[in-house]
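Biologist: I should be grateful for a close look at one part of this protein. Please describe the strand pairing around the start of the chain, and set it in the context of the whole fold.

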Amino acid sequence: MGWIIAGAVILVLVVILMIPVYVGIEYKGELTVRISYLFVKIKVFPLKDKSKGKDKKKKKKSAEKEDKEKGKKKKQSIIDVLKIITDIIRSIEGKLKKVIIISDIKVFMEVVGDDACDTALSYGKASAGINTALAVLKNLIIVKRSRVSVFPNFTGEENKTYVLVKFRVIPAAAAIAVIRIIVSYMKINMEQNQTTSLLSQGSNKKTGGK
């Protein structure tokens, strides 16, 4: 009798883990993540704050972070971020086409640089990086529809980005994929730090030699 109950519990758990979860990721100045499972829809990010005191502290911190990010926007290269994403996607082993199915990808990016020349160069890098990342993604995952719009704004003051991704995933396979992504990101980050340290050491030696 005990074995029958245990087998039934395991069977139920397997069925639950094999039911697909629908995820919607939207970025428009702020990241929003929604999950739909069976008849339940949950907004998992950002979470609602319970206390007003925490709200004030978080608002101050978010304001400080926004100010810092605005100062770094011009210095940060879009292609560097896209390269990391592409490297992570390429490093994932196994067949993901049976795990994740993307129903829609929408990317809208308005690129602004320090001047006309910088804007044109940043636009070229962003366009090439996004299309490369999308091509790699389509080789690994089923993408039913994708819409990408990247254009330069020579009169704007800051970059504008809107991203919408809708996909479904199997929970059991997602857990394995998440672990692989975390490990891959850690390896890529370590390699980049080692490369940066080696380059800085080499430049220090040349400066010391002179």
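Modeller: The following account begins with the protein as a whole and then turns to strand β1 and its partners. The model is a predicted one. It contains five helices and seven strands, and their order along the sequence is α-β-β-β-α-α-β-α-β-β-β-α. The protein has 210 residues, of which 22% are classed as buried. Its exposed surface comes to about 15,700 Å², and 62% of that area is contributed by carbon and sulfur atoms. If one takes the contacts between residues at least 6 apart in sequence, 74% of them link residues at least 24 apart.

Strand β1 comprises residues 21–27, and it pairs with β7 as well as with β2. The pairing with β7, which spans residues 160–169, is antiparallel and runs over seven bridges. Within this pairing, Y22 lies opposite R168 of β7.

The other partner of β1 is strand β2, residues 31–37. These two strands also run antiparallel, and six bridges join them. Here G24 has R34 of β2 as its bridge partner. Strands β1 and β2 form a hairpin with three residues between the strands. In this hairpin, G29 adopts a positive phi near 80°.

To draw the part together, β1 is bridged to β2 in a hairpin and to β7, whose residues 160–169 belong to a later stretch of the chain. Both pairings of β1 are antiparallel.

Conventions. Residues numbered from 1 in each chain as written. Predicted model: local features only at pLDDT ≥ 70, side-chain atom pairs only at ≥ 80, totals over all residues. Heavy atoms only, no water. Helix = DSSP H or I, 4+ residues; strand = E, 2+ residues; numbered from the N terminus. Buried < 20%, exposed > 50% of the residue type's maximum accessible area, 1.4 Å probe, protein only. Contact = heavy atoms within 4.5 Å. Areas by Shrake-Rupley, 256 points an atom, 1.4 Å probe, with all protein chains shown as cover. Pairing = 2+ DSSP bridges.
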